[in-house]
Amino acid sequence: MMSVWKRMAPLRQRELYYYDTNQEFESADLAARLYMMIREELDRSGKDQVLLLCIGTDRSTGDSLGPLIGYQLRNRGLKHIRVLGTLNRPVHAMNLEDTLSLVERYYQDHLIIAVDASVGMNDHIGCITLGRGSLKPGLGVSKELRSVGDLFITGIVSGSGSYDPVMLQSIRLSVVMRMAECISESVCLVEKLWESMALV
C-alpha cells in the first residue's frame, strides 16, 4: 500500500495554488488556471497531447483519490485528455515503474499531469493544490520511485503527522469523494475550454 505522504521534487519554477473544497468551490477557477498552465507547458515543451496520471490505490480510503478521479473521468468520455489510473486499473507504488515505462514508450508526446492524494496542514484538509513540477510518490513504503509529472494536482486528505497506514483507512470517504468530484469537473471544463479555443 502506498502512503499518501508525498514530497514534491525540486521544481523548475515554484508555483502552487490552493482551492478549498470546504468552502464555495468554483470548478471554473481551477479549470481556468489548469488550462493556462497546460497551454504554457505545451508551448514550452513542444508536446501536443495531455495525459492525466492518477496515482493511488483503491485499497485505502485515504489514498483512493487518484483512482476515483480516473474512474469518474473515464466515464465522462474525454476526447483530448487521456487518463491512466482507475479503480479497476490503479497506478500505485507497486506498478508505477512499469506504468512510467509504458508512458515513455507510448506517450512521448504527452504532457503529464500527476494526480495524487497528499497530506498537509490540518487546516488545509479538503484543499486541492495545483502546481508546476513533479511529485515524488512511494516514500511511505520506503520505495525509491522516480518523480512523475510536468504539472501536478493533489488533494490534501490528512494532516502532515499522519503516516500510519491504519489511520489512512479511517479517513472519511466523503472528504475524498468531494475532492475527486471537484477535480473531475474541473478537468472536464478544461476539455471544453480546449475545444472552444481550438487548441486541439
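In the predicted model, helix α1, which spans residues 27–45, lies across strands β2, β3 (49–54), β5 (110–120), β6 and β8, and it runs at about 15° to β6. Helix α5, formed by residues 173–196, lies across β3, β4, β6 and β8, and its direction is at about 165° to that of β8. Strands β3, β6 and β8 are thus among those crossed by α1 and are likewise crossed by α5.

The strands named above belong to an open sheet of six strands, in which the order is β2-β6-β8-β5-β3-β4 and the pairing is mixed. At the edges of this sheet stand β2 (16–20) and β4 (81–84), each of which pairs on one side only. Averaged over neighbouring strands of the sheet, and with direction ignored, the turn of one strand against the next is 25°. Within the sheet, strand β6 (residues 127–132) and strand β8 (residues 151–159) run antiparallel and are joined by five bridges; Thr-129, for instance, has Thr-154 in β8 as its bridge partner.

With regard to the protein as a whole, five helices and eight strands are assigned, and their succession along the sequence follows the pattern β-β-α-β-α-β-α-β-β-β-β-α-α. Among contacts with a separation of 6 or more, 78% are made by residues 24 or more positions apart. Of the 200 residues, 52% count as buried, while the accessible surface of the protein comes to about 9600 Å², with carbon and sulfur atoms contributing 47% of this area.

Conventions: Residues are numbered from 1 along each chain as its sequence is written. This is a predicted model: local features need pLDDT of at least 70, side-chain atom pairs count only at pLDDT 80 or more; totals for chains, interfaces and linings use all residues. Side-chain values use heavy atoms; hydrogens and water are left out. Helices (H or I, at least four residues) and strands (E, at least two) are DSSP runs, numbered from the N terminus. Buried means under 20% relative accessible area, exposed over 50%, partly exposed in between (1.4 Å probe, protein chains only). Contact means heavy atoms within 4.5 Å. Accessible areas come from the Shrake-Rupley method with a 1.4 Å probe; for residues, only the protein chains shown count as cover. Two strands pair if DSSP finds at least two bridges between them. Axes are lines fitted to C-alpha atoms, for helices over the stretch in contact, and angles run from 0 to 180 degrees between N-to-C directions.
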